[in-house]
Amino acid sequence: NRAFQSFRQPGSSIKPLLVYTPAFERGYTPETIIIDEKFEGGPVNADKSYAGAMDIRTAVEKSINTVAWSKFNELGAETAMQYLLEMEFADIMPQDYTGSSALGGFTRGASTLEMSGAYTALANGGTYRTPGCILRVEDSYGNVVMEHQTEEKQVYETAAAEAMTEILQGVMTNGTAKGLGVAGMPSAGKTGTTNENKDGWFAGYTPYYTTSIWVGYDSPRWLKGLTGSAYPAEIWHNFMEEIHTGLPAKNFGE
């Protein structure tokens, strides 16, 4: 079951979880000015260009790699990765404590279940709730053998999670997923694409639901036209439009 047994590199969809929301807990704001520039040994941006001074909001909307990489290193790998461990990401390897993780370049990666659980924490003001795909197991007599237990804990500060949600709404209106939000409903999310277009991700949420989408081959290989803003975001949009049919509009936090 690929929802919870398939682990793949999440690309830029990981940036809000281990770079930007933690940075907001340490004095950064969406308006903080940072520098998009080439670093020795650092990554390149998707368009191979560098824009210089910009605010964090723009860096997220445009998914700037250099900024995420520099802020991850500023936080420190141990600090940044601890947020994922708090949210029960199961396949974090010792070799993942490097700058490449800021861009989702993990050894094994994350599952769509883990990504949905983490983005739900952003939607819930920083409160993480243990997700699960198996709700209950019963025997042939109807006795409950196992039942999923949801536990809650505060992983992010509320103000930091709310700032991240505000920015991720901009991804849907001005950024890499422009035009793919749910009609008439506040939508927030982030695209992710791995090297050589082997994995495409979109993780996003509304005040009602959180959904994460992964597209790729079981045995990783190039897929023509695969970016987070293409198949994954379009699938997310179509699915979320369907399940929001008839729901009244409301804002995050209501």
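## A look at buried residues and a helix pair

Tyr205 is buried, with a relative accessible area of 0% (buried means under 20%, exposed over 50% and partly exposed in between, using a 1.4 Å probe and protein chains only). The model is predicted, so local features need pLDDT of at least 70 and side-chain atom pairs pLDDT 80 or more, while totals for chains, interfaces and linings use all residues. Residues are numbered from 1 along each chain as its sequence is written, and side-chain values use heavy atoms, without hydrogens or water.

**Around Tyr205**

Let's stay with Tyr205 for a moment. Five aromatic pairs are present in the structure (ring centres within 6.5 Å; planes under 30 degrees apart are stacked, over 60 edge-to-face and the rest tilted, with the six-membered ring used for Trp). In one of them, the ring centres of Tyr205 and Phe252 are 5.5 Å apart and the planes stand at 75°, so this pair is edge-to-face. The partners come from distant parts of the chain, 47 residues apart: Tyr205 belongs to strand 8 (residues 199–205), and Phe252 to the segment after helix 8 (231–243). Helices and strands here are DSSP runs (H or I of at least four residues; E of at least two), numbered from the N terminus. Ring pairs also bring in Tyr119, giving a cluster of Tyr119, Tyr205 and Phe252.

**Helix 4 and its surroundings**

Which residues of helix 4 are buried? They are Asn65, Thr66, Val67, Ala68, Trp69, Ser70, Lys71, Phe72 and Leu75. With nine of its eleven residues buried, helix 4 is largely enclosed by the rest of the structure. Those buried residues pack against helix 2, strand 1 (33–36), helix 3 (56–61) and helix 5 (77–86). Gly76 follows helix 4 and has a positive phi, near 95°.

The axes of helix 2 (residues 15–24) and helix 4 (residues 65–75) come within 10 Å and cross at roughly 65° (axes are lines fitted to C-alpha atoms over the stretch in contact, with angles from 0 to 180 degrees between N-to-C directions). On the helix 2 side, the contact (heavy atoms within 4.5 Å) is made by Lys15, Leu18, Val19, Tyr20, Pro22 and Ala23. Helix 4 contributes Asn65, Val67, Ala68, Lys71, Phe72 and Leu75.

**Three more residues**

Here are three further residues, with their places and accessibilities.

| Residue | Place | Relative accessible area |
|---|---|---|
| Thr191 | strand 7 (residues 188–193) | 5%, buried |
| Asp91 | loop between helix 5 and helix 6 (112–123) | 12%, buried |
| Lys38 | loop between strand 1 and strand 2 (52–55) | 46%, partly exposed |

The side chains of Thr191 and Thr176 are joined by a polar contact of 2.8 Å (N or O atoms within 3.5 Å, one able to donate a hydrogen and the other to accept it; residues adjacent in sequence count only if both atoms are side-chain atoms). Setting aside neighbours within four places in sequence, Thr191 contacts Ser12, Ser13, Thr176, Ala177, Trp201, Phe202, Gly228 and Ser229.

Asp91, again without counting residues up to four places away in sequence, touches Phe7, Asp96, Arg108 and Gly109.

What does Lys38 contact, leaving aside its neighbours within four places in sequence? The partners are Pro43, Val44 and Tyr50. In addition, a polar atom of the Lys38 side chain lies 3.3 Å from the backbone oxygen of Gly42. The C-alpha atoms of Lys38 and Asn65 are separated by 9.9 Å, and these residues are 27 residues apart along the chain.
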